[in-house]
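Let's take a walk through a protein model together. Keep the structure open beside you, and look up each residue as we come to it.

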Amino acid sequence: MKNNRTLLKRITSTAAAAVLVTVTIAAPAQAATTHHVKTTKPVYASQSASADTSTFVAEVVQLVNQERSKAGLKALTVDTKLQTMAQDKAIDMVKNNYFDHTSPTYGTPFEMMKTYGISYRAAGENIAKGQTSPAQVMQSWMNSSGHKANILSSTFTSIGVGYQNGVWVQDFIGK
């Protein structure tokens, strides 16, 4: 029997201070805590963006806004710069074979936002790895209190979603 594993991480920040928040099955010793939820599926060799990627990204945005509607919250709008950034982050994680909020290429999500010319009052990021569909990744995120908090934060007004070979990224900002 195969061992199926998926991974989740969440990070949030406000303009005042960056906070790394995480749920960990095995907590690493580090200055900031990191939430990891693990279940495994292999990440496949790099592939270029496809119709599936666009469809998956749009479906995740739709599912996020369905969850927000159920909670009585306004829908998030897709921010094109944030969308590009999230997709680049997903590609970077696959290309450089890592799973973390801090990219060896771009730094933290907040440094990456600065590089991409994205301003915010509050920001957050959810990442996941191994889920095979938008419904599955959303179920994983909604079953994690920290990830769910990002999705349902009334502080956030915009979203960007990225997907590459089983790696999922949600970036959020509030202006």
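Before we start, one definition: a residue is called buried when its relative accessible area is under 20%, exposed when that value is over 50%, and partly exposed in between. Also keep in mind that this is a predicted model.

**Trying out the words**

Gln136 is a handy test case, and you'll find this residue in helix α4. With a relative accessible area of 31%, Gln136 is partly exposed, because that value falls between the two cut-offs. If you leave aside neighbours within four places in sequence, Gln136 is in contact with Gly130 and Gln131. The C-alpha atoms of Gln136 and Val60 are separated by 9.9 Å, although these two residues sit 76 residues apart along the chain.

Here are some other residues sorted by the same rule. We'll meet each of them again below.

| Residue | Relative accessible area | Class |
|---|---|---|
| Gly72 | 66% | exposed |
| Asn97 | 66% | exposed |
| Phe110 | 12% | buried |
| Tyr120 | 24% | partly exposed |
| Asn165 | 4% | buried |

**The nonpolar core**

Nonpolar side chains in soluble globular proteins tend to be buried together. In this model, the largest nonpolar core has 20 residues, and Val60, Val64, Met138, Trp141, Ile151, Ile159 and Trp168 are the ones that touch the most other members. Which elements each supply at least two residues of this core? They are α1 (51–70), β5 (122–129), α4 (134–142), β6 (158–164) and β7 (167–174). The largest share, six residues, comes from α1.

Zoom in on Met138 for a moment. Not counting residues up to four places away in sequence, Met138 touches Val60, Leu63, Val64, Glu67, Ile151 and Gln170.

**Helix α2 and its two ends**

Next, check a helix with a bit of arithmetic. Helix α2 covers residues 80–95, which makes 16 residues, and at 1.5 Å a residue the helix should span 22 Å. The C-alpha atoms at its ends are 22 Å apart, so the model agrees with the expectation.

At the N-terminal end of α2, Asp79 acts as a cap: one of its side-chain oxygens lies 3.1 Å from the backbone nitrogen of Lys81. Along the helix, the buried residues are Leu82, Gln83, Met85, Ala86, Gln87, Lys89, Ala90, Asp92, Met93 and Val94.

Just after α2 comes Asn97, with a positive phi of about 50°. Asn97 has this positive phi although it is not a glycine. You'll find Asn97 in the loop between α2 and α3.

**Strand β6 and its partners**

Is β6 enclosed or open? Seven of its seven residues are buried, so the strand is largely enclosed by the rest of the structure. In a regular strand the side chains alternate between the two faces of the sheet. Follow β6 and you can see this: Ser158, Gly160, Gly162 and Gln164 point one way, while Ile159, Val161 and Tyr163 point the other way.

β6 pairs with β4 in the parallel sense over two bridges, and there Thr77 stands opposite Ser158. With β7, the pairing of β6 is antiparallel and runs over seven bridges. The partner of Ser158 in β7 is Ile173.

β6 and β7 form a hairpin with two residues between the strands, and in that hairpin Asn165 takes a positive phi near 45°. Like Asn97, Asn165 is a residue other than glycine with a positive phi.

**Rings that pair up**

The model has six aromatic pairs. Phe110 and Tyr120 make a tilted one, at 6.2 Å centre to centre with 45° between the planes. Phe110 belongs to helix α3 (residues 109–115), whereas Tyr120 lies in the loop between α3 and β5, ten residues apart. Elsewhere, ring pairs link Phe56, Tyr163 and Trp168 into a cluster.

**One last stop**

Where does Gly72 lie? This residue is in the loop between α1 and β4 (77–78). The C-alpha atoms of Gly72 and Ser154 are separated by 9.7 Å, with their positions 82 residues apart along the chain.

Notes: Residues are numbered from 1 along each chain as its sequence is written. This is a predicted model: local features need pLDDT of at least 70, side-chain atom pairs count only at pLDDT 80 or more; totals for chains, interfaces and linings use all residues. Side-chain values use heavy atoms; hydrogens and water are left out. Helices (H or I, at least four residues) and strands (E, at least two) are DSSP runs, numbered from the N terminus. The expected span of a helix is 1.5 Å times one less than its number of residues. Buried means under 20% relative accessible area, exposed over 50%, partly exposed in between (1.4 Å probe, protein chains only). A polar contact is a pair of N or O atoms within 3.5 Å; within protein, one must be able to donate a hydrogen and the other to accept it, and residues adjacent in sequence count only if both atoms are side-chain atoms. A nonpolar core is a set of buried Ala, Val, Leu, Ile, Met, Phe, Trp, Tyr and Cys residues joined through side-chain atoms within 4.5 Å. Contact means heavy atoms within 4.5 Å. Two strands pair if DSSP finds at least two bridges between them. Rings of Phe, Tyr and Trp (its six-membered ring) pair if their centres lie within 6.5 Å; planes under 30 degrees apart count as stacked, over 60 as edge-to-face and the rest as tilted.
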